[in-house]
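Welcome! Please take a moment to look over the sequence and the 3D view, and then we can walk through them together.

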Amino acid sequence: MKASTSSASTSNPAPSLGWAVTAYDKPCANALVGKVPGSTYLLAALNGAAYHCGQGGPWPWAGIPEGNRPDLLWGIEIDDPGVKVGTFTDYQIENTTRMVAALWEVFGWTDPRSIATHKCWTDGCHGGNTRPSPNLGRKNDTIDGAWREWPGSDTPAPYNAPWWRERVLERLSTGPALWDGTIPSRSAVMRVHPEKGDRPGDANLAAWRVKARLADLGYVDPGKVPASKRAPYPVAGLKAYREAQGWPGDGFSERVQARLFGKVKP
Ligand SMILES: [Zn+2]
């Protein structure tokens, strides 16, 4: 993954989208992660259907030879000028982590080096190569430390490869799903709402299902989901979830329910 062009700004949720799909005869990456929820784009699903990596490698551990190998690598562009730490939005960090975690599961990866930044490819850092790659220092637009850096620090720091690996592996280690697969009705959940419910503060199965689902998605500590299958309205977990969607004032609205569970159930 890498940060995008210097034309990226915060006034448009995905300012590089037009450039990403028109600058060359193929998109500049397989996916583009914009600034806010709803601005992530799949530009080219297939390996090799996008430009993104350029000259780099080899990656001996993966059997990938030196060269320009978009056919063997899948590239995520994060829409940002990419010149300093702190300008990625929380959504970009979260959604990039989720996307990489999904790719890890779909493709059955087992080696954390499968998660790499662009510099790992050009320079061979962070385990990419056993020595500096022939293309070391080829680029200069990275915020993943100095571009000419091999083998790279193993200490996770924004936004180097160990930092992304730590986030993705943490997300993957949440264990088996807690939610039982039944969508709770909104009316049942709202019954125990601390202010609007007719049994405020009480616990029930519907609120437990919301809490369990939030735990599966990483917004609630799984250890705090009661084995009794009854829970009070999960105020803090829902707040964190809504903020990540850009809907902080929403309560347990129809769109919150739809995004959490895939459909509205009154
Ligand atoms: Zn690296």
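The paragraphs below go from the overall outline to the domains, then to the cores, and end at a single glycine.

Keep in mind as you look that this is a predicted model. The protein has 266 residues, and 37% of them count as buried. Its C-alpha trace spans about 65 × 35 × 30 Å along the principal axes. If you follow the chain through its secondary structure, you will meet eight helices and eight strands. Contacts also link distant parts of the sequence: taking those between residues at least 6 apart, 52% join residues at least 24 apart.

Next, try picking out the domains. Domain 1 covers residues 2-172, and domain 2 covers residues 186-261. Their C-alpha centres lie 34 Å apart. Where the two domains touch, domain 1 supplies five residues and domain 2 supplies four. On the domain 1 side of this contact, three residues are nonpolar and two are charged, with no polar ones.

Now for the interior. Which residues have the most contacts inside the largest nonpolar core? This core has 27 residues, and the best connected within it are Ala-29, Ala-31, Leu-32, Leu-43, Ile-115 and Trp-164. Two strands and two helices each give two or more residues to this core: strand S2 (31-33), strand S6 (76-78), helix H3 (118-123) and helix H4 (161-172). Ala-31 is a good place to zoom in. Setting aside residues up to four places away in sequence, Ala-31 touches Thr-40, Tyr-41, Leu-42 and Leu-43, and also Ile-76, Glu-77 and Met-99. Apart from the largest core lies another one, made of 18 residues, including Trp-179, Val-192, Ala-207 and Ala-215.

Finally, let us visit Gly-67, which belongs to strand S5 (residues 67-68). Why does Gly-67 count as partly exposed? The reason is its number of neighbours: Gly-67 has 14 C-beta neighbours inside 10 Å, while a buried residue needs 20 or more and an exposed one has 12 or fewer. Beyond its neighbours within four places in sequence, Gly-67 is in contact with Gln-55 and Gly-57. You can also look from here towards Trp-164, one of the best connected residues of the largest core. Gly-67 and Trp-164 are 97 residues apart along the chain, and their C-alpha atoms are separated by 24 Å.

Note on methods
Residues are numbered from 1 along each chain as its sequence is written. This is a predicted model: local features need pLDDT of at least 70, side-chain atom pairs count only at pLDDT 80 or more; totals for chains, interfaces and linings use all residues. Domain bounds come from an automatic or database domain assignment. Two residues are in contact if their C-beta atoms, placed from the backbone, lie within 7 Å. Ala, Val, Leu, Ile, Met, Phe, Trp, Tyr, Cys and Pro count as nonpolar, Asp, Glu, Lys and Arg as charged, and the others, Gly among them, as polar. A nonpolar core is a set of buried Ala, Val, Leu, Ile, Met, Phe, Trp, Tyr and Cys residues joined through C-beta atoms within 7 Å. Helices (H or I, at least four residues) and strands (E, at least two) are DSSP runs, numbered from the N terminus.
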